[in-house]
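Subject: Structure handover

Hello,

Here is the structure you are taking over. My notes on it follow below.

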Amino acid sequence: MSYKKIEQYEEKITSHLVENYRETLILLGENPDREGLKKTPHRVAKAMQYLTQGYHMDPKAILESAKFQESYSEMVLVKDIELYSLCEHHLLPFFGKAHVAYIPNGYIVGLSKIARVVDCFSRRLQVQERLTHQILDAIQDVLHPLGVAVVIEAQHLCMMMRGVQKQNSVTTTSAFSGQFEDERTRAEFIRLISADLMHR
């Protein structure tokens, strides 16, 4: 399975989605034939396929494509990885950043592949808790490192523009395995993701 960005869209799926979104506009009291909405069902059909393209990505293939033998055995951290996802409860976006670290055990992986794995799972209908563990499990299963750590900080529009309407709320989730379950290793990870080392 490919992990490349969607450039083409399945015609049959797009056609069905267009019909459904057109009907949705009618049910909401709109006129889908007015100028501003004529192409909206088609645009939304393509947008939703793009925003859920993670279903067509294989996290194992992503990681295996740039897996290298290496004796390095200290923490590798990629932090502040932007992520955009859709809450599976309301189909509203949540967005934020992921911090992902692992301790190699004979193998390292190309750094961009960690960000691609984040995209692979975030470009789906999700809950943040599951997303956090899916990223950890994928890295653990392919690299078999000495430990993996994942922290995600995100804002959820389902809490901001509807429901409780708390504009400044941020949700943080975490998952740890192996050596990151040790308090000292975990503390080092937390210190590194909190530090602004690039601007010292």
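To begin with charge, the chain carries 24 positive and 25 negative charges, and the mean positions of the two sets lie 4 Å apart. Please keep in mind that the model is predicted.

Overall make-up

The chain has 200 residues, of which 40% count as buried. Its C-alpha atoms fill a box of roughly 60 × 40 × 30 Å along the principal axes. The accessible surface is about 11900 Å², and carbon and sulfur atoms account for 51% of that surface.

Seven helices and seven strands make up the secondary structure. In sequence order, they run α-α-α-β-β-β-β-α-β-α-β-α-β-α. Taking contacts between residues at least 6 apart in sequence, 72% join residues at least 24 apart.

UniProt, in an unreviewed entry, annotates residues 19–193 as "domain: GTP cyclohydrolase I". Over that range the chain is 40% helix and 28% strand. The C-alpha atoms at the two ends of the range are 45 Å apart.

The annotated binding site

The unreviewed UniProt entry also has a "binding site" annotation, which covers C87, H90 and C158. These residues are spread over 72 residues of sequence, yet they cluster in space, with a largest C-alpha distance of 7.6 Å.

C87 is part of strand β2, which spans residues 76–87. H90 is in the loop between β2 and β3, the latter being residues 93–103. Is each of these two buried or partly exposed? C87 has a relative accessible area of 5%, and it counts as buried because that is under 20%. H90 has a relative accessible area of 37%, so it counts as partly exposed, between the 20% and 50% cut-offs.

Their contacts, leaving out residues up to four places away in sequence, are as follows:

- C87 is in contact with L92, F94, Q126 and C158.
- H90 touches C158 and R162.

C158 therefore appears in both lists, as a contact of C87 and of H90, where contact means heavy atoms within 4.5 Å.

M75

M75 is in the loop between β1 (67–69) and β2. Its relative accessibility is 15%, which means that M75 counts as buried. Which residues does M75 touch, not counting those up to four places away in sequence? They are A101, Y102, I103, F180, T185, E188, F189 and L192. G36 is 39 residues from M75 along the chain, and the C-alpha atoms of the two are separated by 52 Å.

Helix α4

Helix α4 takes in residues 111–122, twelve residues in all. From its first C-alpha to its last it reaches 17 Å, close to the 16 Å expected at 1.5 Å a residue. The buried residues of α4 are K113, I114, V117, V118, C120, F121 and S122. What covers these buried residues includes two helices, α3 (59–64) and α5 (128–143), together with the strands β2, β3, β4 (107–109) and β5 (125–126). Strand β2, which holds C87, is thus among the elements covering the buried residues of α4.

Where to look

If you open the model, the annotated residues C87, H90 and C158 are one place to begin. Helix α4 and the elements that cover its buried residues are another.

Regards

How values were computed:
Residues are numbered from 1 along each chain as its sequence is written. This is a predicted model: local features need pLDDT of at least 70, side-chain atom pairs count only at pLDDT 80 or more; totals for chains, interfaces and linings use all residues. Side-chain values use heavy atoms; hydrogens and water are left out. UniProt positions are given in the numbering used here, feature names are shortened, and annotations may be inferred rather than shown by experiment. Helices (H or I, at least four residues) and strands (E, at least two) are DSSP runs, numbered from the N terminus. Buried means under 20% relative accessible area, exposed over 50%, partly exposed in between (1.4 Å probe, protein chains only). The expected span of a helix is 1.5 Å times one less than its number of residues. Accessible areas come from the Shrake-Rupley method with a 1.4 Å probe; for residues, only the protein chains shown count as cover. Lys and Arg count as positive and Asp and Glu as negative; His and the chain ends are not counted. The place of a charge is taken as NZ of Lys, CZ of Arg, CG of Asp or CD of Glu.
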